[in-house]
Amino acid sequence: MRNLTICLLSFAISVLSLMTSSHAKPAAELIGIAVANDGGSVLFGKVEISLFGIAAPRVRGDWNVDEGGFQSARALHSLVDRKEVRCELDGTLSPVRRVPVAKCYLGEMDIALQQVLNGHARDCPRHSGGAYALAEGKARSRKKDLSKIYSLPKFCE
């Protein structure tokens, strides 16, 4: 039954993303208990959602892919794990993972914004339109400058 629910949810997200023509309204909304997948994505069961507009150091399994990956993942874990998260899907897929992209909230708090403010993710201007640039500047001024160890991926430039 759970697999059927996940399949139906994935199908609904796909259909809604094809139907949307405006970025002003979300293509779909997903609300549920989430866990962090890494520093830039959350999981609802097996459904992965990439956080809108940020790039975070990657981590896979027991090894870092990027310096700072474990710290970024731990920060998101402590922020969202086993809490109710609301994600507003924009109808796009992430350029690398090819999973749905969404602005996700814990209550009214923008999760991606918190990751950037705390120095665990960077603004991805090509996809965010600079939405998190000020937050990255604030993190830098508070000595939480992720750019010292993590360069923006090519897809953000």
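Student: Where does Val116 lie?
Tutor: In this predicted model, Val116 lies in helix H3, which covers residues 111-117.

Student: And is Val116 buried or exposed?
Tutor: Val116 is buried, with a relative accessibility of 0%.

Student: What is Val116 in contact with, if I skip its neighbours within four places in sequence?
Tutor: With that rule, Val116 is in contact with Ile54, Ala121, Arg122, Asp123, Tyr132, Ala135, Glu136 and Ala139.

Student: How far apart are Val116 and Gly137 in space?
Tutor: Their C-alpha atoms are 9.2 Å apart, while in sequence the two residues are 21 apart.

Student: Back to Glu136 for a sec. Which side chain does Glu136 meet in a salt bridge?
Tutor: Glu136 pairs with Arg140, at 3.0 Å from N to O. Both residues sit in helix H5 (residues 133-141), and because they are four residues apart there, about one helical turn separates them.

Student: Is Glu136 buried or exposed?
Tutor: Glu136 is buried, at a relative accessible area of 10%. Arg140, on the other hand, is partly exposed, at 37%.

Student: Which residues are linked with those two in a network?
Tutor: The salt-bridge network links Arg122, Glu136, Arg140 and Asp145. Two of those names came up before: Arg122 and Glu136 are both in contact with Val116.

Student: How many salt bridges does the count come to?
Tutor: The count comes to eight.

Student: Let's do Arg97 then. What does Arg97 form with Asp38?
Tutor: Arg97 and Asp38 form a salt bridge, and the closest N and O atoms are 2.3 Å apart. Arg97 is in the loop between S7 and strand S8 (100-106), while Asp38 is in strand S1 (residues 28-38), so the bridge ties together parts that are 59 residues apart in sequence.

Student: Which other side chain meets Arg97 in a salt bridge?
Tutor: Glu48 does, at 2.7 Å from N to O. Here too the pair links distant parts of the chain, since Glu48 is in strand S3 and Arg97 in the loop between S7 and S8, 49 residues apart.

Student: Is Arg97 itself buried, exposed or in between?
Tutor: Arg97 is partly exposed, with a relative accessible area of 25%. Asp38 is buried at 1%, and Glu48 also counts as buried, at 18% relative accessibility. The cut-off for buried is under 20%, so Glu48 falls on the buried side.

Student: New topic: pockets. How much space lies in the largest pocket?
Tutor: About 480 Å³.

Student: Which residues lie nearest its centre?
Tutor: Ser50, Ile54, Ser94, Pro95 and Phe155 lie nearest the centre of the largest pocket, out of 29 lining residues. Ile54 is also one of the contacts of Val116.

Student: What classes make up the lining of the largest pocket?
Tutor: It has 15 nonpolar residues, eight polar and six charged.

Student: And which strands supply at least two residues of that lining?
Tutor: Strand S3 (47-51), strand S4 (54-55) and strand S7 (83-93) each do. The largest share, three residues, comes from S7.

Student: While we're on S7, what does the side chain of Arg86 make a polar contact with?
Tutor: Arg86 is placed in strand S7, and its side chain makes a polar contact with the side chain of Glu88, at 2.6 Å.

Student: What else is Arg86 in contact with, leaving aside neighbours within four places?
Tutor: The contacts of Arg86 are Glu29, Leu30, Ile31, Lys103, Cys104, Tyr105, Gly107 and Glu108.

Conventions: Residues numbered from 1 in each chain as written. Predicted model: local features only at pLDDT ≥ 70, side-chain atom pairs only at ≥ 80, totals over all residues. Heavy atoms only, no water. 1 Å grid on protein atoms, 1.4 Å probe; cavity = no way out; pocket = protein on both sides within 12 Å on 5 of 7 lines; lining within 4 Å. Points joined across faces, edges and corners; volume = space filled by probe spheres on them. Nonpolar A, V, L, I, M, F, W, Y, C, P; charged D, E, K, R; others polar. Polar contact = N/O pair within 3.5 Å; in protein donor to acceptor, adjacent residues only side chain to side chain. Contact = heavy atoms within 4.5 Å. Salt bridge = Lys/Arg side-chain N within 4 Å of Asp/Glu carboxyl O. Buried < 20%, exposed > 50% of the residue type's maximum accessible area, 1.4 Å probe, protein only.
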